[in-house]
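Work through the exercises below with the model open in a viewer. Try each task before reading its solution.

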Amino acid sequence: MSDLIRPHDYPRSSRYDPGWLVGLDMGPNPLWLLEDLSRDLELKPGMRVLDLGSGMGATSVFLAREFGVDVVAADLWIAPEKAEAVFAEAGVAHQVRAVSAEAHALPFEPESFDAIVSIDAYEYFGTADSYLAYITRFLKPGGQLGVATPGMTREVRDLGAIPPHVKALVGWEAIAWHTADWWRFQWDITELVTVTSARLQENGWHDWLLWSRACLEHGATDRDVVERTIAMLEADRGEYLSFALVSARKNAAPAS
Ligand SMILES: C[S@@+](CC[C@H](N)C(=O)[O-])C[C@H]1O[C@@H](n2cnc3c(N)ncnc32)[C@H](O)[C@@H]1O
């Protein structure tokens, strides 16, 4: 567990109990991803933030506590009551509201958020060409979109195949794991947003490995998946795998 406390790299995340975090595990350390992503965002107290694909809610707790923002935690697979229990225990229930929502049919008014963040979830719903236009409807002009999503150093399209060690774990789903340049172009070309940062985490594969080993050691429920994730990352050694951190601001609509 001590591998999960890294004040030098992740000072804010290191203040959270790793046992608490591992107990909410749904994928690579969501606080490290969010803390790194937040370096490219401007989050200020009182802002209204959508945490899209919030899972068990660790990232929503972090947003509320670290930045003093009001959070809507929206997720498909986790019932809101389950996330609400996490928010109550963390003492942020007054700042975070849990909502059951599908990412293509969101129950919100247009322009109702200052920022939308999505940690290890956007790969499930956000890679279609039309999705950026849909999701940015919910941002105020100048509002920020920040995504942390599994990424690759090379496009699968350019490699001509999904690398075998990646395919062994996730199969075709890896076609949604893009390079930082892919994301930058995909978003910038629309002129709906201005990309402020698009980068791969330098040692993203290693962070992911540390997290997976800690989960295996400390009671991961789906041990087979965690073991196969570790095998994938050990085989990769950072050649292809990381996380893409992509941030943008919504452009004002062109005058008609
Ligand atoms: C790998 S989990 C990550 C959860 C959380 N962000 C974290 O990092 O711990 C992916 C999350 O994306 C959510 N998700 C997947 N497809 C979705 C969709 N179409 N609409 C809304 N949420 C979705 C799932 O419910 C799940 O909680």
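The exercises treat the ligand site and then two helix pairs of this predicted model.

**Exercise 1. Which of the 16 residues around the ligand come nearest, and how does the shell divide by class?**

Solution.
- Step 1: Start with the shell of 16 residues; Gly53, Asp75, Glu102, Ala103 and Ile119 come nearest to the ligand.
- Step 2: Sort the shell by class. There are 10 nonpolar, 3 polar and 3 charged residues around the ligand.

**Exercise 2. Find what an oxygen atom of the ligand meets at Asp75, and what its nitrogen chemistry meets at Ala103 and Ile119. Then give the buried share of the ligand.**

Solution.
- Step 1: Take Asp75. An N or O atom in its side chain is 2.7 Å from an oxygen atom of the ligand.
- Step 2: Turn to Ala103. Here a polar backbone atom lies 2.8 Å from a nitrogen atom of the ligand.
- Step 3: Go on to Ile119. A polar backbone atom of Ile119 is 2.8 Å from a nitrogen atom of the ligand.
- Step 4: Add the surface. The ligand taken alone exposes 580 Å², and the protein buries 95% of that.

**Exercise 3. At what angle do helices H9 and H10 pack, and what is the hand of their crossing?**

Solution.
- Step 1: Locate H9 at residues 204–217 and H10 at residues 223–236.
- Step 2: Read the geometry. The angle is about 150°, and the axes are 9 Å apart.
- Step 3: Classify. The angle is over 145°, so H9 is roughly antiparallel to H10.
- Step 4: Assign the hand. H9 and H10 cross in a left-handed way.

**Exercise 4. Repeat the analysis for helices H2 and H3.**

Solution.
- Step 1: Locate H2 at residues 30–38 and H3 at residues 58–67.
- Step 2: Read the geometry. These helices pack at about 45°, with axes 9 Å apart.
- Step 3: Classify. That angle makes H2 oblique to H3.
- Step 4: Assign the hand. The H2 and H3 crossing is right-handed.

Note on methods:
Residues are numbered from 1 along each chain as its sequence is written. This is a predicted model: local features need pLDDT of at least 70, side-chain atom pairs count only at pLDDT 80 or more; totals for chains, interfaces and linings use all residues. Side-chain values use heavy atoms; hydrogens and water are left out. A residue is near a molecule or strand if one of its heavy atoms lies within 4 Å of it. A polar contact is a pair of N or O atoms within 3.5 Å; within protein, one must be able to donate a hydrogen and the other to accept it, and residues adjacent in sequence count only if both atoms are side-chain atoms. Accessible areas come from the Shrake-Rupley method with a 1.4 Å probe; for residues, only the protein chains shown count as cover. Ala, Val, Leu, Ile, Met, Phe, Trp, Tyr, Cys and Pro count as nonpolar, Asp, Glu, Lys and Arg as charged, and the others, Gly among them, as polar. Axes are lines fitted to C-alpha atoms, for helices over the stretch in contact, and angles run from 0 to 180 degrees between N-to-C directions. Helices (H or I, at least four residues) and strands (E, at least two) are DSSP runs, numbered from the N terminus. Angles under 35 degrees count as roughly parallel, over 145 as roughly antiparallel, 65 to 115 as roughly perpendicular and the rest as oblique. A crossing is left-handed if the near helix is turned anticlockwise from the far one by less than a right angle, and right-handed if clockwise.
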